[in-house]
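Student: Could you take a close look at one part of this protein for me? I would like to follow a set of paired strands and see how they fit into the whole.

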Amino acid sequence: MGDVVNLLGSGTEFGLDFSYKVQDEARGIADALRLAEGFAGNAPVFVLLGDNVFEQPADYFVKNYLEQQGGRGARVMLTEVAEPSQFGVAALDEKKVIEIQEKPDRPKSPYAVVGAYLYDERVWDIIRNTKLSARGEYEITSVNNEYIARGELEYDFCRGRWMDTGTFESYLVANQLMFERPFLAEPKA
Ligand code: G1P
């Protein structure tokens, strides 16, 4: 936590205003998101996992969400990956996500659910009703599956390259890729 705050500070440097919450135990992404309820209030919330690196801005994702029943339900981003069993995997039927499985042994598709999610204010009650998974976490995949059960989850395919840098190896690869071809535009001189 100290390292994160030291690195990012108040947000002024980026023209933003950061608030922080500490998750005392690693009990899953849904459990961490729960800490933001007071912060988000009744507005829709955009959840972005800190170890996910995106090449393109997500403005299309937000725009499509706001056009989705006027910003109701949930929206996720999918991308095709070589090893889907390392991620949440979306089973698709025509144009709908019918189920998301968390790190399945036998993935039903090559489409990983990336770490960018949009939810309406009902997400807080959904999190409260989420059960612990077999690995002892409150899974964001359980939250997404509840929206699927309600028929209220839509998706976009991720534009540009995407990486999850949650392992030392993938962190190294991300650094190498950015060194060769920076994801983000160089700062203006
Ligand atoms: C988490 C989610 C998973 C998602 C991934 C994206 O996994 O549980 O559904 O596909 O982020 O980065 P984690 O990397 O925390 O194991």
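Tutor: Here is a walk through one group of strands, followed by the overall setting. Please keep in mind that this is a predicted model, where local features need pLDDT of at least 70, side-chain atom pairs count only at pLDDT 80 or more, and totals for chains, interfaces and linings use all residues. Residues are numbered from 1 along each chain as its sequence is written, and side-chain values use heavy atoms, with hydrogens and water left out.

Let's start at strand β4 (residues 88–93), which runs antiparallel to strand β5 (residues 96–102) and is joined to β5 by 6 bridges; two strands pair if DSSP finds at least two bridges between them. Valine 89 faces glutamine 101 of β5. The two strands make a hairpin with 2 residues between them, and glutamate 94 in that turn has a positive phi of about 50°. β4 also pairs with strand β6 (residues 111–119), again antiparallel, through 2 bridges. There, glycine 88 has valine 113 of β6 as its bridge partner.

Now the setting. The protein has 7 helices and 8 strands, taken as DSSP runs (helices H or I, at least four residues; strands E, at least two) numbered from the N terminus. Its C-alpha trace spans about 50 × 40 × 35 Å along the principal axes. Of the 189 residues, 37% are buried, meaning under 20% relative accessible area with a 1.4 Å probe, protein chains only. Among contacts (heavy atoms within 4.5 Å) between residues at least 6 apart in sequence, 63% join residues at least 24 apart.

Technical notes. Buried < 20%, exposed > 50% of the residue type's maximum accessible area, 1.4 Å probe, protein only.
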